[in-house]
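This report goes through a few places in one protein model. Please have the sequence and the structure open while reading.

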Amino acid sequence: MVAQEPAAILSEYIKYKSISGNEKPAALYLKNLCEQLGFYTTVFTNADTSYNFCASLVPLEKGLPSVLLINHIDVVPVDEQGVWQHKPFDGVISNDTIYGRGAIDMKGLAVMQLFALKQIKETIKTDSIKHNIIILFLSGEETGGINGAAKMIQPEILSRLKPIVVYGEGGGGLTNVIPGKKDELCFFVSNAEKKSLWLKLEAKVKSRGHSSVSSAKTADRILLKSIEKIDHAEEHIVIDKTAEETFKEIGKIMGGLKGFIVKHINFWVFKPLRRKIVRDNEAMKVLVTNSYQLTQIQNPKGPINQVAQSATAYYDCRLLPHKSEKPNTLKLLFRIIDRRIKITIEDESPTSEATPLDGNYDKVKAAILSEFPSAHVIPVLFPATTDNSYFRSVNIPAYGVLPFRLSEEMTESVHANNEKLPLSAISQGIKVYTKLLESYNP
Ligand SMILES: [Zn+2]
């Protein structure tokens, strides 16, 4: 018999070193646990590097439409040399806080989902329910979802899962986010995500040339000039429906004249102010602009007195979630950079439009407010990509939220050393998820 309490289970789960590509032992531990809790399990892929399975309230064979909670089994690698308050895979519980890689992202969330499902199982009669509740445990989220979510959106699997909505990771309950209203608790629920687009820019010249002859036409110079141009490309601001909703809620909380302007940011009268407001606030800027981050510049190795024949730059671009952004970005680059530079797409996340705020959003909002009555619930564009995007890419509504209060220290610990989750957050999360799930089978 394995442990039965949320904290003890999370501690056990953290001890499995499930760095992407090594999910299976951790997955088997969870699957066994799910079966002990009386859930039905279904394995979709069973490889060492891609183990994906689900636990459901009733068997998938019943063919019910489902509410799908997703989480990922994998975690990012650790910096062994770093300073650790507690070792990343020890699962230490100290001062009512649990420490370890994945405590928040996303092992803690998986445990909350499990215990919410356990509650539901104990309280509702399953013979007359309208919706199945399914928890989907996925591999490979941290490496782009190819070994996990990408496989689950194949028609033969989706037709078995039948999700009407997906809830995954995303925003969370934060304070200190609204200018002038630091104490207000804001729950961000993501209904859209930025698309990542990784580009390689390569400049090549024919002759190598000796470095004693100075030339403006070296591969490095060509590349650097173009980098300069990308840095100075005019920022284009898009205030779409998601951003409009976000600003409306934030403006309401801010109050005053500034709040009024933020709330009505799309009014034509405020257009001249828009650029300034957005520019002055990094957090707002992320929501309405694409970003092009230069991550590396490389030359092939060679002697110092020889001019390199080729130079390569890598860009991590994060695009707003509209189908037109990728072609527009490429068009912009072709227009401003040197014609001799070759652009290659190295990798990209799925293109997915925002989920329109529907009845499912109302349900998650109500669930959050039942546990945090004074909180503000705000829809938001998540600035990174998660598995949610795969489901949105096939038009399934998907929302991301961590259903508990996040301190700044907790937020900063994700993907860093000393990731931690207070035990109180676990019970908050279980309560919010339980309320949410109850609302689908009243
Ligand atoms: Zn994650």
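The sections below cover a metal site, a surface patch and a loop residue. The model is predicted.

## The zinc site

The zinc ion is held by protein donors from three residues named here: His72 through NE2, Asp105 through OD, and Glu169 through two OE entries. These donors lie 1.9 to 2.6 Å from the zinc ion. Along the chain, the donors follow the spacing H-x32-D-x63-E. Histidine 72 belongs to strand β3 (residues 66–72) and glutamate 169 to strand β7 (residues 163–174), so the pair, 97 residues apart, links distant parts of the chain. Both histidine 72 and glutamate 169 are buried.

Why is the arrangement around the zinc ion irregular? The 4 donor atoms subtend angles of 54 to 142°. A tetrahedral site would need all angles between 85 and 135 degrees, and the arrangement therefore counts as irregular.

## A nonpolar surface patch

Phe267, Trp268 and Val269 form a nonpolar patch on the surface. Together they have about 380 Å² of accessible area.

Valine 269 sits in the loop between α8 (256–263) and α9 (271–280). Its relative accessibility is 44%. Partly exposed covers the range between 20% and 50%, so valine 269 counts as partly exposed.

## Lysine 62

Lysine 62 is located in the loop between β2 (50–56) and β3. Lysine 62 is exposed because its relative accessible area is 57%, and the cut-off for exposed is over 50%.

Arginine 160 is 98 residues from lysine 62 along the chain, and their C-alpha atoms are separated by 9.5 Å.

Conventions:
Residues are numbered from 1 along each chain as its sequence is written. This is a predicted model: local features need pLDDT of at least 70, side-chain atom pairs count only at pLDDT 80 or more; totals for chains, interfaces and linings use all residues. Side-chain values use heavy atoms; hydrogens and water are left out. Patches are made of residues with over 30% relative accessible area and no salt bridge: like charges are joined within 9 Å, nonpolar side chains (Val, Leu, Ile, Met, Phe, Trp, Tyr) within 5 Å. Accessible areas come from the Shrake-Rupley method with a 1.4 Å probe; for residues, only the protein chains shown count as cover. A salt bridge is a side-chain nitrogen of Lys or Arg within 4 Å of a carboxyl oxygen of Asp or Glu. Helices (H or I, at least four residues) and strands (E, at least two) are DSSP runs, numbered from the N terminus. Buried means under 20% relative accessible area, exposed over 50%, partly exposed in between (1.4 Å probe, protein chains only). Donors are N, O and S atoms within 2.8 Å of the metal (3.2 Å for Na, K and Ca); water is not among the atoms, so sites may look incomplete. Four donors count as tetrahedral if all angles lie between 85 and 135 degrees; four count as square planar and six as octahedral if opposite donors are over 155 degrees apart and all others between 65 and 115; anything else is irregular.
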